[in-house]
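User: Could you take a close look at how two helices pack against each other here, and then follow the contacts outwards to the paired charges?

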Amino acid sequence: MSGRRGGTTDRPPADTIVELSDRRRIAGRADAGFGPVVDAFVANFTERGDIGAACSVIADGRPVVELHGGFADARTRRAWESDTPAVIFSCSKGLLTILVYRLVDDGRLELDAPVARYWPEFAAHGKATITVRDALTHRAGLDALDADLSVADIAAWTPVIRAIERQAPADPPEAGHRYHTMTMGWIVGEVIRRISGRTPGRFLAETIAGPLGLRAWIGAPPHAIAAVARMEPPLPDEDSEAARSAARIAAADPRIERAATMGGAFAFPADGSGVTFNDPVLQAAEIPAANGIATAASLARLYAGCVSAIDAPALLSPAAIADALRLRSAGGQLSGMPDDGTQWGTGFQLASPPSQPMLGSGSFGHAGAGGQLAFGDVDHRVGFAWLGNQMGGYGDGRARAVTAALARVLGA
């Protein structure tokens with residue numbers, strides 16, 4: 001590695017460029033004192049297999065770290081630029097949850113009301129008492145659908161809604177939680193549509209992303225799809241009993257695969273030809289729990305705007321954030337998958353050591369498949385995002401390494 005300027009404590013606020021041994025470049029800037037975050041970001045390339053990535057941190061309404069580098073597309077060696085968007089996978093659930101809390105703040109949605117109050121047809125087949133909060137805390141019992149769906153069904157929206165209406169819950173909310181990898185997006189998204197008259201992607205675009213100038217979409221337009229980073233299949237899982245146990249359980253339980261693939265509509269995360277969500281058809285569809293596309297800078301700005309007023313009023317009220325930070329689901333899942341410490345509030349993941357400690361008890365956001373991570377922290381008034389296109393395996397620690405460096409800088 002060559003071309004680095006300054007040490008970890010005296011790095012200047014001017015643009016900093018790092019050239020790796022394979023001639024990939026890392027560009028950006030970091031305020032004085034944030035050098036450890038830069039070092040952790042670079043180490044992901046030199047030690048942990050990164051191909052391309054970006055990281056953005058906004059503190060007290062001011063960008064303090066803006067980094068990007070490597071290849072957005074390893075095949076063509078297209079560079080990852082500051083405005084390169086990436087598939088954010090389940091970080092999308094954080095976007096969806098921000099939309100929900102906006103409706104709560106406006107008095108249009110009650111989290112503990114039955115879903116059927118807003119979507120009457122949902123009540124069929126024993127679902128009348130399932131609440132919006134149950135859906136947001138992975139307790140609706142609807143993680144995997146019986147219907148065999150196609151990509152065309154997914155893109156059309158309504159066939160998925162009808163399949164959910166026909167489905168009986170496998171477990172009652174009080175039995176525990178089971179991660180709703182994909183279906184959470186349609187359950188909550190249809191509630192948003194019934195209340196607002198707009199699909200989640202359109203609601204995001206018209207009420208938040210558009211007004212704030214964010215490059216963040218659920219259902220990306222053609223110009224975003226043309227620029228999106230190409231994802232690479234996951235690296236091998238860590239060598240641990242937890243990873244081996246997770247693989248055994250997933251192989252033995254077809255419900256886990258059905259939940260992730262919407263009954264076989266697409267492979268997830270990858271098939272023999274690569275990562276499925278590289279498909280422009282899937283990127284253009286609205287899969288609200290999983291196919292968001294955004295830049296790191298836009299995600300950091302979004303979460304920073306939840307915890308502080310920047311150039312517009314704060315996106316969420318203090319009451320909404322207090323509700324979001326209350327622990328709702330944790331511990332062993334009904335699937336039997338190993339407990340990696342993940343904790344959920346309502347919709348958001350909370351600080352979840354050891355897998356995703358974020359900055360502490362004031363953090364809320366969501367991780368995404370392959371290592372993506374975006375969150376806000378109300379105690380430190382921070383918005384954070386780290387995105388890469390080399391998907392990691394079970395136990396991937398790249399985002400965790402960057403957030404640990406940020407925690408040290410902030411004294412978290």
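Analyst: A helix axis, in what follows, is a line fitted to the C-alpha atoms over the stretch in contact, and the angle between two axes is taken between their N-to-C directions, from 0 to 180 degrees. The model is a predicted one, and with that in mind we can begin with helix H2 (residues 92-105) and helix H13 (residues 296-307), whose axes come within 12 Å and cross at roughly 35°. The crossing of H2 with H13 is left-handed. On the H2 side the contact is made by Gly 94, Leu 95 and Ile 98, which meet Leu 299, Leu 302, Tyr 303 and Cys 306 of H13. Sorted by character, the residues of this contact are six nonpolar and one polar, with no charged residue among them.

Packing can also be followed at helix H6 (residues 158-166), where Val 160, Ile 161, Ala 163, Ile 164 and Glu 165 are buried. These buried residues of H6 pack against helix H5 (151-156) and against H7.

H7 in turn brings us to the charged pairs, since within this helix Glu 190 forms a salt bridge with Arg 193, their closest N and O atoms being 2.8 Å apart. The two residues are three apart in H7 (residues 183-196), so about one helical turn separates them. Glu 190 is buried, with a relative accessible area of 1%, whereas Arg 193, at 31%, counts as partly exposed.

Other pairs join parts of the chain that are separated in sequence. The side chains of Arg 62 and Asp 31 meet in a salt bridge with an N to O distance of 2.2 Å. Because Arg 62 lies in strand S4 (residues 62-73) and Asp 31 in the loop between strand S2 (25-30) and helix H1 (35-47), this pair ties together parts that are 31 residues apart in sequence. Arg 62 is partly exposed, with a relative accessible area of 46%, while Asp 31 is buried at 9%.

A further salt bridge joins the side chains of Arg 398 and Asp 50, at 2.6 Å from N to O. This pair links distant parts of the chain, with Arg 398 in helix H15 (residues 398-410) and Asp 50 in the loop between H1 and strand S3 (52-59), 348 residues apart. Both Arg 398 and Asp 50 are buried.

Finally, a network of salt bridges links Asp 143, Asp 171, Arg 178, Asp 253 and Arg 255. With a limit of 4 Å between the nitrogen and the carboxyl oxygen, the count comes to 27 salt bridges.

Technical notes. Residues are numbered from 1 along each chain as its sequence is written. This is a predicted model: local features need pLDDT of at least 70, side-chain atom pairs count only at pLDDT 80 or more; totals for chains, interfaces and linings use all residues. Side-chain values use heavy atoms; hydrogens and water are left out. Helices (H or I, at least four residues) and strands (E, at least two) are DSSP runs, numbered from the N terminus. Buried means under 20% relative accessible area, exposed over 50%, partly exposed in between (1.4 Å probe, protein chains only). Contact means heavy atoms within 4.5 Å. A crossing is left-handed if the near helix is turned anticlockwise from the far one by less than a right angle, and right-handed if clockwise. Ala, Val, Leu, Ile, Met, Phe, Trp, Tyr, Cys and Pro count as nonpolar, Asp, Glu, Lys and Arg as charged, and the others, Gly among them, as polar.
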